[in-house]
Amino acid sequence: MRIEDYFEPKAVNIRNFFIRDHKKYYIPEHQRNYAWQKSELDDLWQDFTEYFKLSFDENQNYTERLGARPYFLGGIVLTKKDDYFEVVDGQQRLTTMTIFLKALRDLTFRIEDIHSMTPIKNAIEQIYTFSEPLNEFESYLNLDESLDEFFQNYVLLCNNEKEREAYYEKNTPREGSAADLVKKAHDFFVEKLNTEFPVELDQEKLTNKLNGYTRALTQYFSFLKIVVEDRAMAYVIFGSLNKRGKDLSESDLIKNELFKREDNSTRMAEIKRKWDNIINTIEDDNLTNFIRFHYASHYGSVKPRDLFTKISKHIISVNSITYLNSLLMESEWYARVNLVGTQYWSNDITEKLKIFKKIDVSHANPLLLTAAVKYGNDEEEFKKILDSLITFCIRYFTIGSKTVSDLEREIGLMSKYLRYPRNPAEFTEADDIVTKIQTIDDMIRYMSTLTPNSDFIENFKRFSTKSNDLAFYLLYEFEKIKLSGVVPLDHSPIQHVEHIMPKKLSRAVNRMTEWSNVRNDDRYDSYKFMLGNLLILESSLNVSASNKDFEHKKGCYTKSGLYYPKEVALNKEWNFQKIGERQNSLAKESVNVWKYPSI
């Protein structure tokens, strides 16, 4: 077959895109809703205004300059139906350009001469109006059912601010919803156009500039219109156009991969329903991470750049509904371990789960997901996994020298084999230990082999951090042991991380003698962030200590209700040697703070 039998690409301006075929354009229900925000709108507006200044001559009544060229807005992928087109890719741009056109059209009512106004107004209206002039209004572009009514009424049918305010008052969308973003997009263009066309602009310039804007937008701004006969081929083209772009997330591409493989309308509706339920469960911003960590939990780690390819192949081996059922069921557990929604766990487990956020180790999610799915209803077993995983992440990654890739690889392997233990009869001496994991205790033994006490102590001796949240968590754990049951408060305005040797030394002339023992030493910048130089201090004392000399700070430390400030106050001076000594002492204690559960 010829390539033309699969798809037909044509470069067309916005005017011809809509009116040449005289067919409606429908956004299918499964497509991502309107999502453009101010940053995308700003980029489009800047591109348009820069193009207009370069291509249309203000001194020649805003007519085209010689050699003015089209401006390319990208490809729009369509599937041809009997009497309409289905938009596979491009709904964000089509919706935005229609909103822009309507805002420009409403501006034409400011032209007082009807003979000058009518041609410009009609030139714009014919681009978004499908129906004949005397018939009930129908638009070329039709969004999905959840959004189309607001889009039609607020943007296309209302003709002025008063009408829109009246409609909006009775139909106010939820903040951040697709309808809210449509309103904000319309408001954006109205505001920009009012700035470009101030009310004091004389009628001749208003008419000429509006005519220039209309010609630029409708005749020079262009799409590559790709019409595809076969729906599956449309999604192949869609994926090829977008999988290396930044407009769509990997989850958007995966969703369309699922729809590409289904022709049955009932199953498509089921896919959409399940997908929407997943989004509602875990929140849209986390969707790509969830899909990646869900895959890693079952099959081992996957790099973000490989996710789309891996999932596409996986869907072939199962089917869309089976895959979605797994995602949907485990989305609830994923939300629970990430503390999304109402509290599910006991207070003890909830506090342990918060630690992963404090130390910023989302890479542990695959193993958390496996643990929740298998042991979420057994609090003691689940708690045992949490304790061991916190210790592993601290030893292997946070304090250790391993990379994110190293951590994700090990987490992925442990997740996979804890979820799907192999048959011991298949074991060989050459097998890696991780592949022989059968139980939680096996997993803990494996973690221990990767993070022996000796390595942990040596890594701890060299550890430093600029993250106050991480430093607070580590110091908090030390304080809990030293205070024998008197627990310090969580990181908050009440307690701060104190840098004993200050982060920033005073440059005031009368204070240059302060910290003279370290002020001009090259080691200062590295030592000030070592854990041995940090402690938790009540906020009022932290403010009083400020960046003053050590003698003044000691007076503040002795007033603290915590252990380590009082211990540090026993020193006569504070220098690099003292920081190293304290760091070494903390390193020795660390193996008792972050230790694996007994097995």
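Leaving aside neighbours within four places in sequence, T98 is in contact with F18, Y128, L141, F151 and L156, where contact means heavy atoms within 4.5 Å. The structure is a predicted model, in which local features need pLDDT of at least 70 and side-chain atom pairs count only at pLDDT 80 or more, while totals for chains, interfaces and linings use all residues. Residues are numbered from 1 along each chain as its sequence is written, and side-chain values use heavy atoms, with hydrogens and water left out.

T98 belongs to helix α3, residues 91-107; helices (H or I, at least four residues) and strands (E, at least two) are DSSP runs numbered from the N terminus. T98 counts as buried because its relative accessibility is 3%. Here buried means under 20% relative accessible area, exposed over 50%, and partly exposed in between, with a 1.4 Å probe and protein chains only. The side chain of T98 reaches the backbone oxygen of L94 at 2.8 Å. From C-alpha to C-alpha, T98 and I124 are 9.7 Å apart in space, with their positions 26 residues apart in sequence.

Helix α3 also holds R105, which is buried because its relative accessibility is 7%. Not counting residues up to four places away in sequence, R105 touches K121, I124, E125, Y128 and N159. With N159, the side chain of R105 forms a polar contact of 2.7 Å. A polar contact is a pair of N or O atoms within 3.5 Å; within protein, one must be able to donate a hydrogen and the other to accept it, and residues adjacent in sequence count only if both atoms are side-chain atoms. The C-alpha atoms of R105 and I120 are separated by 7.9 Å, and the two residues are 15 residues apart along the chain.

A second arginine, R164, is found in helix α6, residues 161-170. R164 is buried, since its relative accessible area is 6%. Beyond residues up to four places away in sequence, R164 touches K102, D106, Y154, V155, C158, N159 and H186. Its side chain reaches the backbone oxygen of V155 at 3.0 Å and makes a polar contact of 3.3 Å with the side chain of H186.

Aromatic rings form another set of links, with 49 aromatic pairs in the structure. Rings of Phe, Tyr and Trp (its six-membered ring) pair if their centres lie within 6.5 Å; planes under 30 degrees apart count as stacked, over 60 as edge-to-face and the rest as tilted. F100 and F189 are stacked because their ring centres are 4.5 Å apart and their planes lie at 5 degrees. This pair links distant parts of the chain, 89 residues apart, with F100 in helix α3 and F189 in helix α7, residues 178-196. F100 is buried, with a relative accessible area of 0%, and F189 is buried, with a relative accessible area of 0%.

Lysines also meet aromatic rings. The charged end of K209 sits over the ring of F197, 5.1 Å from its centre, and K225 lies over the face of F17, at 4.8 Å from the ring centre. A charge sits over a ring if NZ of Lys or CZ of Arg is within 6 Å of the ring centre and within 35 degrees of the ring normal.
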